[in-house]
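Grab a pencil and work through these exercises with the structure open beside you. Try each task yourself before you read its solution.

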Amino acid sequence: MPTATQPPPAKPSDDEPKSVIDMSKMNEGQRAALQATEAARESHDDLSFVAHLFMGRWKPEKLYPVTDVEAGEKVRADKFLAELGAFLRAKVDGEQIDRTGEIPDDVMAGLARLGCYGIKVPQQYGGLGFSQTSYCRACQLIASHCTNTFAHLSIHQSVGVPQPLMLFGTEEQKQKFLPRVAGGEISAFALTEAGVGSDPARMTTRAEPTADGEAFLLNGEKLWCSNGTRAGLLIVAAQTPPKMVDGRPRTQITTFVVEAKAPGVEVVCRSQFMGHRAIYNGVLRFTDVRVPRANIVGGEGRGLKVALTTLNAGRLSIPAASIGVAKRALQIAREWGKTRIQWGVPVGEHAAVAEKIRRIAAHAFAMEAMLVTTSRIVDRSKQADIRLEAAMCKLWGTEKAWLCLDDVMQIRGGRGYETEQSLLARGEQPYPVERLMRDNRVTTIFEGSSEIMRLFIMREALDPHLKVAGIALNSERPWGERLKSLLNAAAFYAFWYPRQWLPAGGGAPAGMHPHLADHLDGVAGLGRRMARTLFHQMVRHGVKLEKRQVLLGRIADIGTDLFAIAAACVFAQKLLGDGEPEAKVFMLVDDFRAQALVRIKQNFAGISDNADEHGYQLAQQVINGEHRWVERGIV
Ligand SMILES: Cc1cc2nc3c(=O)[nH]c(=O)nc-3n(C[C@H](O)[C@H](O)[C@H](O)COP(=O)(O)OP(=O)(O)OC[C@H]3O[C@@H](n4cnc5c(N)ncnc54)[C@H](O)[C@@H]3O)c2cc1C
C-alpha cells in the first residue's frame, strides 16, 4: 500500500462491484469481467473539466491557466532535452535500428548516462525527478527521431516497473527497485495473454501462495511483453486465490515485481511486427517462479486497479510521441510542399495538397495543446482526476497522428511509399515516412485500443447518471430501493434537465484574450447540448445504451473535440503570454476550431440520422457466414 508520504493518485473505489449496473442479462464470463473491471475503477470526488462537461457543467478553471513548469526545473529540463537531442542526432540511427531490429548497446548505455531510464523517478531514488510535462517533452523529442527508442524507454518507465511503484509501491520496494530501473536496468509490463487482450480481468496466469505464506508460485504465459526479451525486472499480473462474495468466488488479480533472472522465467520466443522492430517483445513463460510476498504491488487482489491506474497515468507518453510524429510529418509536408514542383507550381499550392498540410498543422497544434494542458494538471496534483482527459489525449492523439502520416504519405507521392534506404541509394533525402507509418499503426491498438478508449470515456461520462438513476434501472435490486432511487432521480433531473437548455455560453476565465474567450465560451453551449443528447439517448435506450457502441462513440468524439477546442484556447493563451505573435497563434486556433466544429456537427447529426442498426445486423450476418458469396473470386 502507498506510504503516508506517497498517497495513491486517486481514492480507491470499493472492492465490491458497482451494483448500479444491471448485470442480470449477462453470462458468467461477462459478469466476472465487468465486476472485476468495475471494482478496479478509480473514483474521484473532485471531477475533471471533461467529466463536468459531459454533465453540462462549465468548469474552465480546471484547465486554466496553463502554467510553465517551475523555473528551476525548466532550466534543468531544457539542458537535459538539449543534450538528449544532440545525442539522438549523433548516435541514434532510426533507420538502422528499424532494419536490424536492435538498439545498439552503446545507444542504451548513452541513454542511461543521460538519465533517460528514470526521467520521472524522484531524484532520491536515482532518477531525474522531472514532472509529467518535462517527461512528455522528452517522449515527443525521442519519438520525432526514432519511434523504436521511444517505445523502449516509454514502456520501461510509463508501464514498466517505475510507474506502478511510484504510484503504489511501498518505501522498501521503491528503495530496492527504483535505483535499478532508473540506472538503466530494463523493465517490462506483462498483462496480455493469448486469450485475454482488451479484457485482462479473465487472465489465466496464476500465483498460488506457498505453504509458509512467504511467497507465491507463479505459473502461466504472457503474450507480447515489450522489452520482455531484454528486461531485468518485470511487472506481472496474475490471478491469486479468489475471494468469496455472496457465496460466489470473486476473481482476484494481483501484480508482482518479478526478477527476470529468477528460476522458471523463460523467454519462449521473440515476436515480430509490421513496425517497432526493435521493441524486444516476446512471449514469456513462468513455471513455478517463486516471488516473495514483499514483491506484491498495491496489495493482494488489487492488481487490476494497479494495472489500470498505471495505464491511466502512463497513457500520456503515447500521445506525447504522437505529437513528435505529427510535428515530423508537418516538417516533411512543409519542405516537400514547397520544393516539389508539379504542373509548374510547388505541390503545396495545389488546393488538394494544401488541405492536407492545413490538417497536419492544426492536428499537431491541438495535440500539443491537449497534452500540455493535461500534463500540467497532473503536475499540479497527483490526485487530480485526469482519466477522461488522458484517455482523450491517447484516443485523439494516436488517431490523428495516423491521419497526419496518411496525409504526408500522400503529399510525398511515390516517395512516401519508398524506404529510407532506397531513397538514400538514389541520392534523395531519406524522409522516414514509410517507417513512421509502420511504427505508428499500433498506437491505436496497444495501451488501450481506440474502441476501449471510447467505451472507457463513455463509462466515465455516464457515471454521474448511473449514480443518480442506476439503481432505479437495475432489475437485480429490490423494488423498494429502486422506487426510492427513482424518486431521487426525478428530483435531480427536474432541476438538472432544464438547465441544459440555457442558451448562453458559460463565460471564460478572467484574463483571456477576448478572441479566445469567445471560442472557449462556445464550448460551454455545445457541452450542454452534448449533455442533454446523452440524457435523451439514456431515456431512449435505457440499459441497452451500452450496446449502442457506435452511437456512444459519436458522443465520445464530440466530447473529445470539445476538450480539444478548449485546450487549444487555453494553450493559445499561454503561447501569447510566452510572446508568440497573436496573428499566427489565432490562425492555428481558428483553423483547428473550424475543423473540429465540422466534425462535431457531423457527429451530432449522426446521432439521430444513422444506419447503425442495419449495419450491426449486416456484420452479424457476415460473421455467421451468411454473406460468404461476397468473398467469391479470391484465392
Ligand atoms: C507491438 C505490441 C506491443 C505490446 N506490448 C505489450 C506489453 O508490453 N504488455 C502487455 O501486457 N501487452 C502488450 N501488448 C498487447 C496489447 O496491449 C493488446 O494487443 C491490446 O490490449 C489489445 O488486445 P488484443 O490484441 O488481444 O485485441 P482484442 O482484445 O482481442 O480485441 C480485438 C479487437 O476488438 C476490439 N474490442 C475488444 N473488446 C471490445 C469491446 N468490449 N468493445 C468494442 N471493441 C472491443 C479491440 O479494440 C480490437 O479492435 C502489445 C501489443 C502489440 C501489438
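**Exercise 1. Is Asp 288 buried, exposed or partly exposed, and what is its phi?**

Step 1: Asp 288 counts as partly exposed because its relative accessibility is 46%. Buried means under 20% relative accessible area, exposed means over 50%, and partly exposed is in between (1.4 Å probe, protein chains only).

Step 2: Find the residue's place: Asp 288 sits in strand β9, residues 282–292. Helices (H or I, at least four residues) and strands (E, at least two) are DSSP runs, numbered from the N terminus.

Step 3: Asp 288 is not a glycine, yet its phi is positive, at about 45 degrees.

Before you go on, a word on the model: it is predicted, so local features need pLDDT of at least 70 and side-chain atom pairs count only at pLDDT 80 or more, while totals for chains, interfaces and linings use all residues. Residues are numbered from 1 along each chain as its sequence is written, and side-chain values use heavy atoms, with hydrogens and water left out.

**Exercise 2. Which strand holds Trp 224, and what is the phi of Trp 224?**

Step 1: Look in strand β5 and you'll find Trp 224.

Step 2: Phi of Trp 224 is near 55 degrees, which is positive in a residue other than glycine. Most residues other than glycine have a negative phi, and most peptide bonds are trans.

Step 3: With a relative accessible area of 48%, Trp 224 is partly exposed.

**Exercise 3. Cis or trans: which is the peptide bond from Tyr 64 to Pro 65?**

Step 1: Check omega, which is near 0 degrees for the bond from Tyr 64 to Pro 65, and the bond is cis.

Step 2: Place the proline: Pro 65 belongs to the loop between α2 (49–54) and α3 (71–91).

**Exercise 4. How many disulfides are there?**

Step 1: Start with the rule: a disulfide is a pair of cysteine sulfur atoms within 2.5 Å.

Step 2: Apply it, and the count is zero disulfides. Take Cys 139, which is in no disulfide: its nearest cysteine sulfur belongs to Cys 136 and is 5.8 Å away.

Step 3: Now try Cys 269. Its closest cysteine sulfur, in Cys 225, is 12 Å away, so a bond is ruled out by distance.

Step 4: Compare the surroundings. Cys 139 is buried at 3% relative accessible area, whereas Cys 269 is partly exposed at 35%.

**Exercise 5. Which residues come nearest to the ligand, and what polar contacts can you find?**

Step 1: There are 20 residues around the ligand, and Phe 189, Thr 192, Ser 198, Ser 449 and Glu 451 come nearest. A residue is near a molecule or strand if one of its heavy atoms lies within 4 Å of it.

Step 2: Look for polar contacts, which are pairs of N or O atoms within 3.5 Å (within protein, one must be able to donate a hydrogen and the other to accept it, and residues adjacent in sequence count only if both atoms are side-chain atoms). A nitrogen atom of the ligand lies 2.7 Å from a backbone N or O atom of Phe 189. In the side chain of Glu 451, an N or O atom is 2.7 Å from a ligand oxygen. The side chain of Gln 549 has an N or O atom 3.1 Å from a ligand nitrogen.

Step 3: On its own the ligand exposes 970 Å², and the protein buries 68% of that. Accessible areas come from the Shrake-Rupley method with a 1.4 Å probe; for residues, only the protein chains shown count as cover.

Step 4: β3 (187–190), β5 (215–225) and α17 (450–473) are the elements that give two or more residues to the shell. The largest share, three residues, comes from α17.

**Exercise 6. Where is Phe 586, and which residues is Phe 586 in contact with?**

Step 1: Phe 586 is in helix α21, which covers residues 582–608.

Step 2: Phe 586 counts as buried, at 10% relative accessibility.

Step 3: Contact means heavy atoms within 4.5 Å. Skipping neighbours within four places in sequence, Phe 586 is in contact with His 513, His 515, Leu 516, Leu 576 and Asp 591.
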